[in-house]
Amino acid sequence: LILPHKHVPHTELLDLEPLPTVVLENEGYERIYSFTHFNPIQTQTLFTAYHTDANILLGAPTGSGKTVVAELAMLRLFNAQPKGKVVYIGPLKALVRERIKDWRQRFQNILKRRVVELTGDYTPDIRTLNMADIVCTTPEKWDGISRNWQNRGYVKQVGLVVIDEIHLLGDERGPILEVIVSRMRYISSQTDSAIRFVGLSTALANARDLADWLGINEMGLFNFRPSVRPVPLEVHIAGFSGKHYCP
């Protein structure tokens, strides 16, 4: 009989002094942010994201600033591997385009890091992909592109994979994400080039299981409670009699 491991299901939000953006020690990096201090979740995760190469799984409510944590990991890559590429995988084309619009204004215009879209509606040429620093794509598109990785040099240059809404792993598109993670790990082993994974999600019930699969240790696992929100949210549950009230 194998019993489940005992572990704390959620990460406690520590009462820390908010860190200012000057801790990045780079004027260009400071300029991409419109705020002067990181919020509590960003402050607690900053050291792991910006000062280590550990894989990260961040579970936190919507609007809590998870994208900034992924950006800190991106800045870490640009510091350690100036020629390394970032792959951002979003579940929907609308979400991918939202990231592209935001990052082109900040990363491309300020840091001169080229942001490229790779979706079913738009496939850039090889030259553009080779010159790209940040590739924003969907699971299906990156799955197709990375299959022939031996003949695609830009795939072998990837140093960071950011998977947004990774809790959709249990959805019908979950197997595609599984294949992508497995393939990128295989590419890393074949090229002797480390690839870092950052997974962003809402608060998870089985965070430890997902972290083990992604190769994440205690340092990189952050699973905050759903109640940890910048704006408090009240939840009310109402019951209704009847058989067909649920769609």
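This report covers the sheet of a predicted model, then its nonpolar cores.

**The sheet**

Seven strands form an open sheet. Their order is 3-4-2-5-6-1-7, and the pairing is parallel. Strand 3 (115-118) and strand 7 (221-223) are the edge strands, each pairing on one side only. On average, neighbouring strands are turned by 15° against each other, direction ignored.

Strand 1 (residues 56-59) runs parallel to strand 6 (residues 196-201), and four bridges join the two. I56 has V198 of strand 6 as its bridge partner. Helix 2 (residues 40-51) lies across strand 1, strand 6 and strand 7. Helix 2 runs at about 170° to strand 1.

**The cores**

The largest nonpolar core holds 39 residues. Within this core, L58, L75, F107 and I134 have the most contacts. Several helices and strands each supply at least two of its residues, among them helix 2, strand 1 and strand 6. Helix 3 gives the largest share, nine residues. Another core, of 32 residues, lies apart from it.

| Core | Residues in core | Residues named |
|---|---|---|
| Largest nonpolar core | 39 residues | L58, L75, F107 and I134 (most contacts inside it) |
| Another core | 32 residues | I163, V181, F197 and A207 (among its members) |

**F107 and its contacts**

Which residues does F107 touch, not counting residues up to four places away in sequence? The list is I32, E71, M74, L75, F78, K112, R113 and I134. Two of these, L75 and I134, also stand with F107 among the residues with the most contacts inside the largest core.

How values were computed. Residues are numbered from 1 along each chain as its sequence is written. This is a predicted model: local features need pLDDT of at least 70, side-chain atom pairs count only at pLDDT 80 or more; totals for chains, interfaces and linings use all residues. Side-chain values use heavy atoms; hydrogens and water are left out. Two strands pair if DSSP finds at least two bridges between them. Axes are lines fitted to C-alpha atoms, for helices over the stretch in contact, and angles run from 0 to 180 degrees between N-to-C directions. Contact means heavy atoms within 4.5 Å. A nonpolar core is a set of buried Ala, Val, Leu, Ile, Met, Phe, Trp, Tyr and Cys residues joined through side-chain atoms within 4.5 Å. Buried means under 20% relative accessible area, exposed over 50%, partly exposed in between (1.4 Å probe, protein chains only).
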